[in-house]
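Welcome! Here is a friendly briefing to help you find your way around a structure you have not met before. Take a look at it first, and then we can go through it topic by topic.

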Amino acid sequence: MFAAAPHAYGENWPEFRGPTADGHSTATNLPLKWSEQENIRWKIPIPGKAWSSPVVWDNLIWLTTALEDGTEMRVMAIDLQSGKVVHDIQLWEIKDPQYAHATNSHASSTPAIEAGRLYAHFGSNGTAAVDTRTGAVLWKRLDLECDHHRGAASSPIIFENLLILTFDGFDVQFLIALNKETGETVWKVDRNIHPATLDGDYKKAYGTPRILKIGEELQLISPSAGATVAYDPRTGKELWRVLSGGMNAAARPLFGNGMIYATTAAGGWQLFAMRPGGHGDISKSHVEWKYAKAVPTRSSPLLNDDRIYMVNDTGIISCVNAKTGKSVWVERVGGNFSSSPIYADGKIYFFNETGTALVLKPADNYELLATNELSEGMMASPVAVDGSL
């Protein structure tokens with residue numbers, strides 16, 4: 001009855017969390033061990049401060065970056081094989097950018113890419129479509145206002161003729177779909193989750209939605225502060241919602257075993273599983289289980305078969321049974337983690353903020369295959385394509 005919406009599953013990495021939107025890659029022959037002196041193909045500096053992940057299309061790595069003070073937004077394209085910079089494009093300057101917390105950046109939203117086009121998104125600081133062959137800016141929107149309060153981080157997704165954006169701010173919370181050819185608004189829907197008098201700090205979120213095929217119906221599953229809501233991706237019509245409490249939701253939802261898995265950050269249900277379907281408020285009828293121990297507030301969990309693997313902000317890696325919500329194992333590895341793990345080549349890769357990478361075997365116990373070190377830290381989530389990380 002339930003199936004993930006179809007994606008091209010190849011060597012391209014088109015959006016946050018990859019071709020299947022859940023951190024899985026078909027890449028093989030990936031390195032097990034590396035250091036500053038071993039298994040580094042190339043290394044180049046990137047100007048600015050940005051926590052966005054790269055995307056990859058046809059042997060080009062694309063990424064967004066911004067000056068640390070948020071006054072300039074850029075996109076760059078780098079040759080996957082050589083590390084040569086192919087495009088370095090200034091999109092626009094901003095005289096008075098919003099505040100971004102030190103743990104965030106002005107370019108934390110991962111771009112989305114398809115054949116011929118890159119879509120770069122910086123929250124209320126602007127959205128643009130870029131021709132990936134020439135580097136020309138095809139359209140831009142600088143009029144979508146939202147007080148992010150701590151900085152933006154939700155990433156855009158491509159669906160049919162639409163580019164769908166998430167604005168879960170201190171003042172307003174809405175989803176908007178733009179015509180990806182022109183940038184014009186096709187639909188916009190207010191969240192309507194929170195009482196009008198609630199402190200705006202509890203309305204913020206950083207989640208990126210995911211489109212699933214539920215039976216014969218496509219649904220846009222969108223976690224937010226206080227609730228996960230499903231919409232018709234073509235019209236923005238709300239289909240159902242689960243009220244979970246909590247704020248600052250950031251993880252992209254997972255799907256498997258006939259269930260959707262989502263998280264909250266501060267407060268709320270933490271990690272929970274729900275059966276998709278139904279209409280209206282299905283909080284009491286469709287929630288299967290909840291789990292509240294060492295759940296990450298920034299990093300997205302990883303689903304592999306009937307196990308969910310995750311690392312919280314302070315370095316506790318957990319494995320949870322995805323069918324029952326029961327703990328399988330817990331290991332304290334230490335360090336701070338913001339990036340999301342990936343599964344590739346039969347292994348799970350975790351990267352912490354100081355550059356330590358742990359490679360694990362998916363198993364019913366903690367099985368460490370390798371520990372690797374790089375001198376720089378890791379905030380953005382990694383990408384696995386073409387035998388490379």
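A residue is called buried when its relative accessible area is under 20%. With that in mind, strand β24 (residues 307–311) makes a good place to start: five of its five residues are buried, so the strand is largely enclosed by the rest of the structure. Please keep in mind that this is a predicted model.

**Strand β24 and its neighbours**

- The side chains of β24 are split between two directions: Arg307, Tyr309 and Val311 point one way, Ile308 and Met310 point the other way, and all are buried.
- On one side of the story is strand β23 (residues 302–304), which runs antiparallel to β24 and is joined to it by three bridges.
- Within that pairing, leucine 303 has isoleucine 308 of β24 as its bridge partner.
- The hairpin of β23 and β24 has two residues between the strands, and aspartate 305 takes a positive phi near 60 degrees there.
- Strand β25 (residues 316–321) also runs antiparallel to β24, and five bridges join the two.
- Here isoleucine 308 turns up again, standing opposite valine 320 in β25.
- β24 and β25 form a hairpin too, with four residues between them, and glycine 315 in its turn has a positive phi of about 85 degrees.

**Two open sheets**

- Strands of a sheet pair through backbone hydrogen bonds, in either a parallel or an antiparallel sense.
- One open sheet has four strands in the order β2-β3-β4-β5, with antiparallel pairing.
- Its edge strands are β2 and β5 (85–93), each of which pairs on one side only.
- On average, neighbouring strands of this sheet are turned by 20 degrees against each other, direction ignored.
- Inside the sheet, strand β3 (residues 60–66) and strand β4 (residues 72–79) run antiparallel and are joined by seven bridges; leucine 60 stands opposite aspartate 79 in β4.
- Another open sheet of four strands has the order β27-β28-β29-β30, again with antiparallel pairing.
- Which strands stand at the edges here? They are β27 (342–344) and β30 (368–373); each has a single partner strand, so one side of each is left without a neighbour in the sheet.
- The twist in this sheet averages 20 degrees from one strand to the next.
- β28 pairs with strand β29 (residues 356–360) in the antiparallel sense over four bridges, and tyrosine 349 has valine 359 in β29 as its bridge partner.

**Aromatic rings and charges**

- How many aromatic pairs does a search of the whole structure find? The search finds nine.
- One pair is tryptophan 34 with phenylalanine 351: the ring centres are 6.0 Å apart and the planes lie at 20 degrees, so the pair is stacked, given that planes under 30 degrees apart count as such.
- This pair links distant parts of the chain, 317 residues apart: tryptophan 34 is in the loop between β1 (2–4) and β2 (55–57), and phenylalanine 351 is in strand β28 (residues 347–351).
- Both tryptophan 34 and phenylalanine 351 are buried.
- Trp34 and Phe351 form one aromatic cluster together with Tyr349.
- Tryptophan 269 and phenylalanine 272 form an edge-to-face pair, 5.4 Å centre to centre with 90 degrees between the planes.
- Phenylalanine 272 counts as buried, at 0% relative accessibility.
- Tryptophan 269 also has the charged end of lysine 290 over its ring, 4.0 Å from the centre.
- In a similar way, lysine 188 lies over the face of phenylalanine 174, at 4.3 Å from the ring centre.

**Empty space**

- Three cavities of 30 Å³ or more are found in the structure, and the largest has a volume of about 100 Å³.
- The largest cavity is lined by 15 residues, and the closest to its centre are His106, Phe122, Asn125, Gly151 and Ala152.
- The largest pocket holds about 1500 Å³ of space.
- Of the 41 residues lining the largest pocket, Trp42, Pro54, Leu374, Met378 and Leu389 are the closest to its centre.
- β3 gives the largest share of this pocket's lining, with four residues.

**One more residue to find**

- Alanine 128 is in strand β8 (residues 127–131), and it is buried, with a relative accessible area of 0%.

Conventions:
Residues are numbered from 1 along each chain as its sequence is written. This is a predicted model: local features need pLDDT of at least 70, side-chain atom pairs count only at pLDDT 80 or more; totals for chains, interfaces and linings use all residues. Side-chain values use heavy atoms; hydrogens and water are left out. Rings of Phe, Tyr and Trp (its six-membered ring) pair if their centres lie within 6.5 Å; planes under 30 degrees apart count as stacked, over 60 as edge-to-face and the rest as tilted. Buried means under 20% relative accessible area, exposed over 50%, partly exposed in between (1.4 Å probe, protein chains only). A charge sits over a ring if NZ of Lys or CZ of Arg is within 6 Å of the ring centre and within 35 degrees of the ring normal. Two strands pair if DSSP finds at least two bridges between them. Axes are lines fitted to C-alpha atoms, for helices over the stretch in contact, and angles run from 0 to 180 degrees between N-to-C directions. On a 1 Å grid over the protein atoms alone, a cavity is a set of points where a 1.4 Å probe fits but cannot get out, and a pocket is an open set with protein on both sides within 12 Å along at least five of seven lines; lining residues have an atom within 4 Å of a point. Grid points are joined across faces, edges and corners, and a volume is the space filled by probe spheres set on the points.
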